[in-house]
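Thanks for making room on the agenda for this one. Please have the sequence and the structure open while I talk, and I will go through some charged pairs and then a pocket.

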Amino acid sequence: MDPLLVTGAWRAGDPVGDRQFADIGALTLESGTTLPDVRLAFETWGTLTTTPEGGSNAVLVLHALTGDSHLLGGVGPGHPSPGWWDAVVGPGQAIDTDRFFVVAANLLGGCQGSTGPASLNRHDLPWGGSFPALTVRDQVAAEVALADQLGIDRWHGVIGGSAGGMRALEWAVEHPARVDRLLLLATSAAASAEQIAWSRTQVAAIQADPAYADGNYYDAARGPVAGLDLARRIAHIAYRSEAELDQRFGRQVQDDGRWAVDSYLQHHGAKLIARFDANSYIVLTSAMDSHDVARGRGDLATALARISARTIVAGIDSDRLYPLHQQQQLADLISTSGPLRVVQSPHGHDGFLVESDQVGALLRDLLG
């Protein structure tokens with residue numbers, strides 16, 4: 001895909017790859033708005049088995065902000081990027097697809113096959129800037145409908161890191177009888193003021209691009225790729241650690257006169273605009289801002305007391321976006337959790353994607 005085109009969203013008629021699709025009908029959002037004709041794209045691996053008691057060998061893996069359903073596998077038709085966790089998922093891996101039925105869905109509001117701003121509304125036009133605001137709870141409600149369609153009454157495990165951890169936490173709080181085991185990785189009980197500040201700055205970068213056009217750019221010659229590029233660079237600074245950036249790049253200047261660290265950030269911005277839609281970035285980032293597991297449920301301790309799943313809470317020691325004290329709070333207040341597990345990594349928040357050996361050990365412990 002030419003990154004100068006309008007959007008990196010998957011569109012009907014594009015190669016499907018390994019995607020499957022679940023049409024879950026109308027979904028009433030927390031805002032009271034009804035989103036019609038909702039579809040979730042998902043992928044599965046392994047064979048589903050169930051018990052007479054309603055349990056299963058099914059494991060739900062929930063992706064982070066710019067992830068998708070392509071949990072493992074290569075680049076190919078329908079898949080603009082390789083599997084994002086194939087170091088821990090697959091035959092014989094920590095999430096063993098010879099033992100478990102693994103499900104990964106592109107979340108509601110996304111741009112890789114699930115209903116989102118690039119999808120057509122009932123007037124056969126892209127939703128664009130009129131797509132309704134979502135919350136994490138709305139996204140989980142869509143995933144619950146998917147589980148119902150797949151015939152999964154209870155997950156053997158629900159696993160998520162970062163934004164995926166927000167949804168995993170909501171699953172375990174809102175539907176405790178449907179979650180046997182839970183991994184919360186590099187996430188929090190609520191979006192903090194600093195996390196919201198990071199996300200609002202990224203949204204502002206996209207909306208300041210003249211090509212954004214209030215989100216209605218799908219018929220234009222060019223979309224807000226400059227704004228999305230800048231948003232990703234801002235985000236990537238928070239995803240990595242100060243020590244790693246200093247060690248890798250320091251004050252190095254390349255032969256073309258650019259700072260090496262600047263070139264690195266430009267590279268990651270260019271990668272994202274080739275596969276992602278700016279409107280989805282805004283919708284999903286804003287949904288993360290809504291995250292507060294205690295909202296409407298009393299105080300945080302009362303909300304977390306609803307969890308019955310065996311739980312592992314883990315954080316990254318160098319994570320400055322989701323610092324360890326946020327995971328410590330979860331580990332302290334979830335009665336079914338053991339002590340906080342700490343992943344040692346120089347890679348900051350992205351350590352949950354990079355440190356496959358340590359994360360794999362957590363998963364083996366959890367899933368048994």
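**Salt bridges and a pocket**

Let me start with two residues on the outside: Arg122 is exposed, and Asp37 is exposed as well. Please keep in mind throughout that what you see is a predicted model.

What do Arg122 and Asp37 form with each other? They form a salt bridge, in which the closest N and O atoms are 3.5 Å apart. Arg122 sits in the loop between strand S6 (101-105) and helix H1 (136-150), while Asp37 belongs to strand S2 (residues 34-45), so this pair ties together parts that are 85 residues apart in sequence.

The second pair I would like you to find is Asp148 with Arg178, whose side chains meet in a salt bridge at 2.8 Å, N to O. Here Asp148 lies in helix H1, and Arg178 in the loop between helix H2 (163-174) and strand S8 (181-185), so the contact ties together parts that are 30 residues apart in sequence. Is Arg178 buried or exposed? With a relative accessibility of 15%, Arg178 counts as buried, because the cut-off for that class is under 20%. Its partner Asp148, on the other hand, is partly exposed, with a relative accessible area of 47%.

The loop between H2 and S8 comes up again in the third pair, since it also holds Asp180. Asp180 forms a salt bridge with Arg154, and the closest N and O atoms of the two are 2.9 Å apart. Arg154 lies in the loop between H1 and strand S7 (157-161), so this bridge ties together parts that are 26 residues apart in sequence. Both ends count as partly exposed, Arg154 at 22% relative accessibility and Asp180 at 29%.

Those are individual pairs, but there is also a network of salt bridges, and it links Arg137, Glu170, Glu174, Arg297 and Arg306. How many salt bridges does the structure hold? The count for the structure is 18.

Let me now turn from the charged pairs to empty space. The second largest pocket contains about 430 Å³ of space. It is lined by 19 residues, of which Ala12, Arg39, Thr115, Ser119 and Leu120 are the closest to its centre. If you sort that lining by class, you find eight nonpolar, seven polar and four charged residues.

That is where I will stop, and I am happy to go back to any of these pairs on the screen.

Notes. Residues numbered from 1 in each chain as written. Predicted model: local features only at pLDDT ≥ 70, side-chain atom pairs only at ≥ 80, totals over all residues. Heavy atoms only, no water. 1 Å grid on protein atoms, 1.4 Å probe; cavity = no way out; pocket = protein on both sides within 12 Å on 5 of 7 lines; lining within 4 Å. Points joined across faces, edges and corners; volume = space filled by probe spheres on them. Nonpolar A, V, L, I, M, F, W, Y, C, P; charged D, E, K, R; others polar. Salt bridge = Lys/Arg side-chain N within 4 Å of Asp/Glu carboxyl O. Helix = DSSP H or I, 4+ residues; strand = E, 2+ residues; numbered from the N terminus. Buried < 20%, exposed > 50% of the residue type's maximum accessible area, 1.4 Å probe, protein only.
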